[in-house]
Amino acid sequence: MRTIVYISDFRLPSGLNFVKPLLKFTDCYKILIIERHQLHHPERLEPYFDEIRYVDYLESVGAIREHILQILQSHSIVALLTPGENAIEIGGQLRSEFGIPGMQRNQAEAVRNKWIMKQMLHQRGIRTSRTAIALQQQDYLRFSATYGFPIIVKPLSGYGSINTFKLSSMEELLHYLQHTRKEQQRDLLEEFIQGTEFHCDSIVCRGEVVFASVSQYLYNCLDIATQQKPPASIAFPKGAETDVILRIQDVNRQVISALGINQSVTHAELFVTPEGEVVFGEIGARIGGSHVMPPCIKNTHGVDLFEAVTDLELGTYTFTRQETSNKFTGMICFPSRAGIIQHISGREDYQDVPGIIDFQVSYEVGQHAGDVNDTMTRSGFAIVEGDSFEELRQTLVDMYDRFVIEVAVPENV
């Protein structure tokens, strides 16, 4: 039986956007492999999957392999979908092991291991940060002496800016080495690039970039992760493509070619320095911005990234573009605080704001909100369109400033 296997740790209800495109593949049996603790309402996925299998941790490749072996006894796996960053390498490994079409082990490693990625680009002459792998303390000291402070320290295969640090002095570096770094930990060290951060979201079909959308972050990702700045981004419509945006798209195409990305949605992050130089940051073979950026891109460009992910994996993708108003579209995520929600803003508090496409809040009064430790975990978001970048930027920032969240922190017993 032709079977699609879907490996993910998505959260409901926003994760449904990723799986809705599966509905049109009526001739395929569909199996979801998911972390046991992530799925509290399996009945909500019944329209999309014929079977649900569980693992304790999504990174447990051995447990997932056992499921694949069992599935192959009676099914023919025609596609293995791994839309989340932390499952891309597992997907590549399993496809290569079991002869499943799609991104293979070596391709997945090139888009997940930042050292390999940067070295492949250096060899092509593509401007990106100078890097090193740190195995022991002297590696950190040597790198900082060579390139100066600040330096960036991150995992080799990280995502969402989790466990990424900007170290601005020898004092901060020594504190990191003594109190944060674990024994035998291998880190990627990067030269710090000063500049405005953009992202380029693409569709790559048969090795060709058939679509690319450039957006500008209102705050750089590192500031979002470390300084509690809100995740916020604005997509530029085609009519607003400046020389800088065209150069970003060109570097993006060069990177995709250098890394051998042939059939994927991609999310690249790039910097434009004060001197106007475009410097590549990193790229993922996935949707960027989780569930919030694809609607922005669809509103501005008429292109559905959720649908593209599934169709590319099944080999049925044909590029199409719907008519749009060709406006700037932006998103901003609202703040979150750990504790029991006492009061939280809602859509009714923004009746005076024009251009709202979508507005969602994840929590209700009485619910427990957790800590924020990455670039996307927040209490809700808004997607808004506007006629100019600056006008829309101000609208998004004002919405963030008006957002109210009050929590009660339980006393330690």
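A residue is called buried when its relative accessible area is under 20%. By that cut-off, 5 of the 6 residues of strand E4 (residues 76-81) are buried in this predicted model, so E4 is largely enclosed by the rest of the structure. This strand makes a convenient place to begin the tour.

Strand E4 pairs with strand E1 (residues 2-8), and the two run parallel, joined by 5 bridges. Two of the residue partnerships can be followed directly on the structure: Thr3 has Ile77 as its bridge partner in E4, while the partner of Tyr6 in E4 is Leu81. Strand E1 is itself mostly covered, with 6 of its 7 residues buried. E1 also pairs in the parallel sense with strand E2 (residues 29-35), this time over 6 bridges. Here Thr3 appears again, with Tyr29 as its bridge partner in E2. In general, the strands of a sheet pair through backbone hydrogen bonds, in either a parallel or an antiparallel manner.

An antiparallel arrangement is found in another part of the chain. Four strands form an open sheet in the order E5-E8-E6-E7, with antiparallel pairing. Its edges are strand E5 (131-134) and strand E7 (165-167), each of which pairs on one side only. On average, neighbouring strands of this sheet are turned by 25° against each other, direction ignored. Within the sheet, strand E6 (residues 151-154) and strand E8 (residues 187-191) run antiparallel and are joined by 4 bridges; Ile151, for instance, has Glu191 as its bridge partner in E8. Helix H5 (residues 114-123) packs on this sheet, where it touches E5 and E8, and its direction makes about 150° with that of E5. Helix H7 (residues 170-179) packs on the sheet as well, touching E6, E7 and E8, with its direction at about 135° to that of E7.

Attention now turns to the nonpolar interior. In soluble globular proteins, nonpolar side chains tend to be buried together. The largest nonpolar core in the model has 56 residues, and those with the most contacts inside it are Leu259, Phe280, Ile283 and Met399. Helix H9 (residues 243-259) gives the most to this core, contributing 7 residues. Leaving aside residues up to four places away in sequence, Leu259 touches Ala110, Val111, Met117, Met120, Leu121 and Ile283. A second core, separate from this one, has 37 residues, including Tyr48, Phe211, Val265 and Ile383.

Helix H10 (residues 293-301) gives a further view of burial: 7 of its 9 residues are buried, so the helix is largely enclosed by the rest of the structure. The buried residues of H10 are Met293, Pro294, Cys296, Ile297, Asn299, Thr300 and His301. After H10 comes Gly302, whose phi is positive, near 75°.

Aromatic rings supply the last part of the picture, with a count of 12 aromatic pairs. In one of them, the rings of Phe143 and Tyr147 have centres 4.7 Å apart and planes at 55°, so this pair is tilted. Both residues belong to helix H6 (residues 137-147), and because Phe143 and Tyr147 are 4 residues apart there, about one helical turn separates them. An α-helix has 3.6 residues a turn, so residues three or four places apart point the same way. Phe143 counts as buried because its relative accessibility is 4%, whereas Tyr147, at 34% relative accessibility, counts as partly exposed.

Phe334 and Phe403 form a stacked aromatic pair, with 4.3 Å from centre to centre and 5° between the planes. The pair links distant parts of the chain, 69 residues apart: Phe334 lies in strand E14 (residues 328-334), and Phe403 lies in the loop between helix H12 (389-402) and strand E19 (405-408). Phe334 is buried at 0% relative accessibility, and Phe403 is buried with a relative accessible area of 7%. Together with Tyr350 and Phe359, Phe334 and Phe403 form one aromatic cluster.

How values were computed. Residues numbered from 1 in each chain as written. Predicted model: local features only at pLDDT ≥ 70, side-chain atom pairs only at ≥ 80, totals over all residues. Heavy atoms only, no water. Core = buried A, V, L, I, M, F, W, Y, C linked by side-chain atoms within 4.5 Å. Buried < 20%, exposed > 50% of the residue type's maximum accessible area, 1.4 Å probe, protein only. Contact = heavy atoms within 4.5 Å. Pairing = 2+ DSSP bridges. Axes fitted to C-alpha atoms, helices over the stretch in contact; angles between N-to-C directions. Phe/Tyr/Trp six-rings, centres within 6.5 Å; stacked < 30°, edge-to-face > 60°.
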